[in-house]
Structures are given as C-alpha cells and as structure tokens.
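Trainee: Got a minute to go through this one with me? I'd like to talk about how the chains meet.
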Amino acid sequence: MRRFLLLPLTAALASCTTAPTLGERHKASSADLQQVTAVLKRDFRARGQATMDRVELDEVQRLCNLHADNPPVEVAKRIEESQLKAIKLPSGGLMGDWKAGEKIAQSGRGAMWSDKPGVQPGGSCYNCHQISPKEEAFGTIGPSLAGFGKTRGNRPEIQQYTYGKIYNAKAYNACSHMPRFGHSGSLTEQQIKDLVALLLDPASPVNQ
Amino acid sequence: MMRAIIGSAALALAVVPAWAQQSPFADYQRMTRESAPVELFELSGEELWKKPQGPKNVSLEKCDLGQGPGVLRGAYAGLPRYFADVDRVMDLETRLLHCMMTLQGRSREEATKRVFGNADSPSEMEYLSAYVAGQSHGMPLRPGMSHSKEKASFELGQKLYFHRAGAWDFSCASCHGEDDKRIRMSELPVLYKPAVARPLIATWPAYRVSNSQFKTIQWRMNDCYRQMRMPEPVFGSEAMVALVQFLTVTAQGEPYRGPSVKR
Amino acid sequence: MAGPMKMRATLAGGNTDVRVLMSHPMATEQQTKGKPHFIQNLTVKVNGKTVIEGEISQAVSRNPVFSFRLKGGAKGDKIEVSWLDNKGDTNKTETAVA
Amino acid sequence: MNDQRRGALRIAGALALAALLKPFAALAAWNQAAFASKSSADALKNLGTAGAESSSQILIEAPQIAENGAVVPIEVTSNIPGTTSLAVLVEKNPYPLVAKFEFAEGAVPFVKLNAKMGETSDVRVVATAGGKSYQATKEIKVTIGGCGG
C-alpha cells in the first residue's frame, strides 16, 4: 500500500526525460491529418443527420489544422478570398425581422445527431457572443456584439458585411472559430437576414 | 502515507488555475460537492460487480483492470494502460466491456446496447465506473506511458483534441482552447493545460447536477462530439481511449478525488 | 422498488452529524404531466425514539441528500432513517454512530 | 389540484390497507394544504406560521449564485432557543413550500438539503419556537448553463 502511493511521484520525476510535451498546442502535419481522418472513419459511425461525410476535411479545415489556426498571411489571404467568392448574397434588402433573429440567436440546437432531421437549426449565437443586453447568459468565445449596429449604422455595405460574416466567417478571418452557417447549409437565407436585423435594426434591443 | 497524500493535495491546490478560484460558482460547486448522492451509485456498482451475469453466469470479480485479477484498489488511477492480453491500450470503460465479453461471455452488441443511461435508469457501465473509480480515491493518477502503444495513444488523443472537422468546423479546442472563455454561463476549461486538466480529470466519473445523472468520461467525450456536430464515436474505440489517455496523462500526478460532482 | 439508501453518522464537536442519501426520482408534476412521484415523509430515530420528522415536496432534488444534527450522542447509538413517498413506497436504513 | 387531492385520498386508502404491512405509513402526516399553496403567504398561513417576525438568529447558508437550478444546496440553522420546527420555502417556485421539519428533544434545529429552483428567487426560512414564528430570507440567483443541446 505504502509503496503504491509513493511510487507515482518518483516515477513521474524519473520519466521526465521521455515525458510528453504537455500544455502545448499541437501543430498537425499532412500525415497527421491523414492518420486522424482514417481513425475517425474507422472509429466513428453515422448517426441521424450526423453522417460520415462530416469527417472529410475541406480545404479550409485542412489548412487551418495544418497551421494550428494561425496560417501565414498568404495562406490566410488565399482562404479568405476563396471563401468570400463562395458567399451567395441575395439581391435586395438583407434586413429581416429582428424578433425572429433573437429566437434564432437563442437556439443552440440543430445539426446534431440528437436533433430531428428537417428541423431548422438555430444559430447558437448566445453560446459565444453577448448580443441583446436583456440576455445575461451569454458566452465569451466570440466578441460582444452589443450595440453592433449603433456604431456601424445599417447602410447596404454594412448589411452585406454582416450577412457575409454570418454566412461564412472564414471569408473575413481565415481560421475563425465561428461556423460557416450559410456555407455549410445550416442556416437559411431568411434566418441569416433575421440575424442581420437583430444586429443592425435600430429597433433591435442590440442597438438600444 | 497520509502525509504523502496531503502533500500532493496541497500541491494540487496551489496550481488550481486562477479562473477556477475566482469563479462566481465556486461556492455553489463546493456545496454541491459536499451534498451529492455519489455513494448511491458506488453501492449499486458494487452489487453489479458481484452479480453473476451473461451466458457464463459469472460476476466481474475476476476482471483484471491492470493490477491483477480482481484487484480494485488503485486500479482506476493506473488507467488507461496497455494490456498485453489484447495488445492495446484500454481505459476503465473499455476494459470493463472487455471483461463482460471475456469473463461473462456477453456479445459486444449486447453489452454496449445501452452504455449511457438516463436519470431514471442509469447504465451498468455508469454504476460500475462509480464503484471501481471510488476504489482509487486519494491515489495519484498514473496512466501508463512506458509502452510504445501508450505513447502512441497519447499522441493520437492530442491530435484528435486539436483536429477541426465536421459541419461546423469544430475541434475540442474550439471551446476548450483559450483561457477564461464561456459557453453561455458555463466556464470552459482548457484541458490540454496540465494545471487546468488536473483537478477536472481527477474528478471523473461524476454526478452531474444539471440533469441529476451519473456520467462517465466516455460519455463526456461522446457528448462533446455530438455538440461538435460530428458523427458518433464508437464506445471503447481507439479514438475514445486515445482522448481519455491524452487528458489523463495531461492530468497525471493529481490525486484522484472522484467520483465527484459536476455542473 | 426502492433503490439503495446510505447513511453515515459521526460524532463531531459534541454532536452527532447524520448524512443520509436516498435513491428516488423526486419527479415533479411538470416532469410527469401531473403524476408527480416524490418522498413526502422522513423520520429520524435514535435508539428507537423519533427525534426529527420531515415533510418534503417535489421541489427536493432527485436522489435526496439530507444532513441532520443530533445533540450529544455516543459511539454505537443506533440511528434509523425511513421515508414514505406519495405512492406508498417506503425504505429505511440503519447505522451505528461511528 | 382536485385530481391530486383525489389521488392523495386514493393513496390514503391504499395505505390504510397496507398499514399492517407498513406500519410507518399509517403514522405519516403530510400538510397537503401547505404544500399545494401557490404563494408563500398561503403556505405560511396553512402551516400556521403567518406573521412571522424577522430574526437574525436564523442562518441560511446557500450559494449566492447557483450554476444549475436542479440542485441548490441550502443549509439552515436556527439559534433561537426552543426551536421546534423549520420550514424552507422558495418564493418563486410553483409551490413554494419545499420542506418542513419538526425537531424533538435531542435534535439540533438544523438541516441541509438540495432544492430545485425554477428561477432566481428568495429562499425563506420560518422557525417556530415557544409558540411564536420567526423568519429570514436570502436571495439565490439561478443561471442557465450549458450548450443548449
């Protein structure tokens, strides 16, 4: 018993020479990505709407993984340009209904194997952002969006930028943590317009 | 012996990250820890451990969790580790499944039909994990890292942790990658950093107050992948064990303080 | 069938601290569409004499945990805790003060 | 409520039958009116403790902010001499009365329990001692956590 408890400390010290590097962000090589993708294909199973094609990396995911989300300027530029080109901007006004937008922002559901297929996902926005001052339970992974339209106004270019950012955040910040909600087909055109209104409509609580 | 435990506990306290000490929920977490029904799960787990089951109608009492057949004391603190009889690394849940299949003669399909339970009906795996883990209380975590397959498992877990994929481009690090972040009001531990991982990994499996359920670490991994919008990891797969190995090695040396309570 | 109960009774500072855990869904009206299932009565006895009687509601958390404190006490005193729920199910556990 | 009442009566009937097997059941009393009250004022009336005066001798130990309302630890002590009962109420719960304890000679008027709280609310504790009622309150904030999944 006694031996049992004392051993680990000395063992930990003794093994320092071959100890793994802990506490550091891992930077993947191409071979690593191939290995991990093969492991995912072997050890994961499709369930509900979460199908196995989701383990295949697209070019953005591949490059961000290779550069630990911190790509050199030219790679970042390449990603952003390709993603910007892929944004499908609807013609006409881009501001929907901020009240509908608030509901979409509140909902953290959708696209999981536990979600009913066919039910439109929410935006999970409050998971990561402060938005309406009325909602105190907001996440902090993304920046605060309180007063978003107050400082920017809502002229067409701002609407287009806001729509584009929600549609595909990687068009503006190559390895952003934020999902590409339009690009991945998760949110509809109308849902994104409603979110644009939540952020830009002068009547939205975000801008009060 | 007592002094060794107290010494390392004090050490652990000193490295509790600032965010954990300043958390507005610190009082809440302390009080729920003190008044959790964890022991009920350990009791039921002990019954299941001793209950003859499966085609061979035998109990799990001869299960070798790494310290020899039937040795429970300290077994959990020594996992994951390499097992020569299967030539692979296993964590507690994977090894329990192995024992159900080999000792009790149960099929993988039957034994994994319901590995994660619910509040009304916890799973066999949850009860058993509570009982076995409880037998390592106070002992430092010392996952195997000497065999090449143990090292390979750690490295694979590390790669998985940072690997972005899926419909929403998430990796584990998307949420658990930067200090002082939250989802809604839930604080997000940066689990690849030893100081953060130590107190948290040393307290699984745990009773989750949010849904009044006792949960295992493979459930935690499974539920993260669900929310990452990924397909479902197979229970007991190398990928699952690798993540548990990565996190446990990151937390190694921490005295085991579970089964505990989580939000 | 009632799930397990567990109790610990220890002498501390001249009193006896009792901590008791019980398996019970403590299901509310909301959770059950109007058919709540919860413990209503608790009784704590010391050497056969009732010292605490509790009436509790569906607002007590699932798998209830209670701490009580008894004046004085001695090693070996027999503590018994029993419960009765709204469906007539009961359970009890006994322990000696350590 | 009527349904519940009828249900309770049915159960009472069943219990009477089972009484021989479960003698404990026959003795149990449960204050239906107080537990069914939808406001704490009504609950206190039904407990016979309306008009309780404030007392600093009732101590409520609970977290100021709870990460989850499903389990909120609350510890209550009465230092009022001769305390014979303690009731715990969560003001904003659909049925505020959570629990009530009677303490006989030999028991310290102390209890620790886990309560469910639907939202941020005052917790009210009422003690009776020497035929009089006393009370204290403490606010507990309840937050939403998790990923919403």
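**Where the chains meet**

Mentor: Sure, and keep in mind that this is a predicted model. Start with the strands: S1 (residues 44–45) of chain A runs antiparallel to S7(B), and the two pair over 2 bridges.

Trainee: Which residue is the bridge partner of A:Arg45 in S7(B)?

Mentor: That's B:Glu232.

Trainee: OK, and how many residues of each chain are in contact?

Mentor: 55 residues of chain B touch 65 residues of chain A.

Trainee: What about the area buried between them?

Mentor: About 5,300 Å², with carbon and sulfur atoms giving 61% of that. On the chain B side, B:Arg164, B:Trp168 and B:Arg184 supply 17% of the area that chain B buries against chain A, more than any other three residues.

Trainee: Switching to charges: how many salt bridges cross the interface of chain B and chain A?

Mentor: The rule finds 7. One pairs the side chains of B:Arg184 and A:Glu135, at 3.5 Å from N to O.

Trainee: And how many residue pairs are in polar contact there?

Mentor: 31 across the interface, counting pairs with both residues at pLDDT 80 or more.

Trainee: Which elements of chain B give two or more residues to that side?

Mentor: Among them are helix H1 (2–14), helix H8 (148–162), strand S3 (181–183) and helix H12 (238–250). H8(B) gives the largest share, 6 residues.

Trainee: How does the side of chain B that touches chain A split by class?

Mentor: There are 28 nonpolar, 12 polar and 15 charged residues on it.

How values were computed: Residues numbered from 1 in each chain as written. Chains lettered and ligands numbered in written order. Predicted model: local features only at pLDDT ≥ 70, side-chain atom pairs only at ≥ 80, totals over all residues. Heavy atoms only, no water. Contact = heavy atoms within 4.5 Å. Buried area = accessible area lost by both parts, 1.4 Å probe. Salt bridge = Lys/Arg side-chain N within 4 Å of Asp/Glu carboxyl O. Polar contact = N/O pair within 3.5 Å; in protein donor to acceptor, adjacent residues only side chain to side chain. Helix = DSSP H or I, 4+ residues; strand = E, 2+ residues; numbered from the N terminus. Nonpolar A, V, L, I, M, F, W, Y, C, P; charged D, E, K, R; others polar. Pairing = 2+ DSSP bridges.
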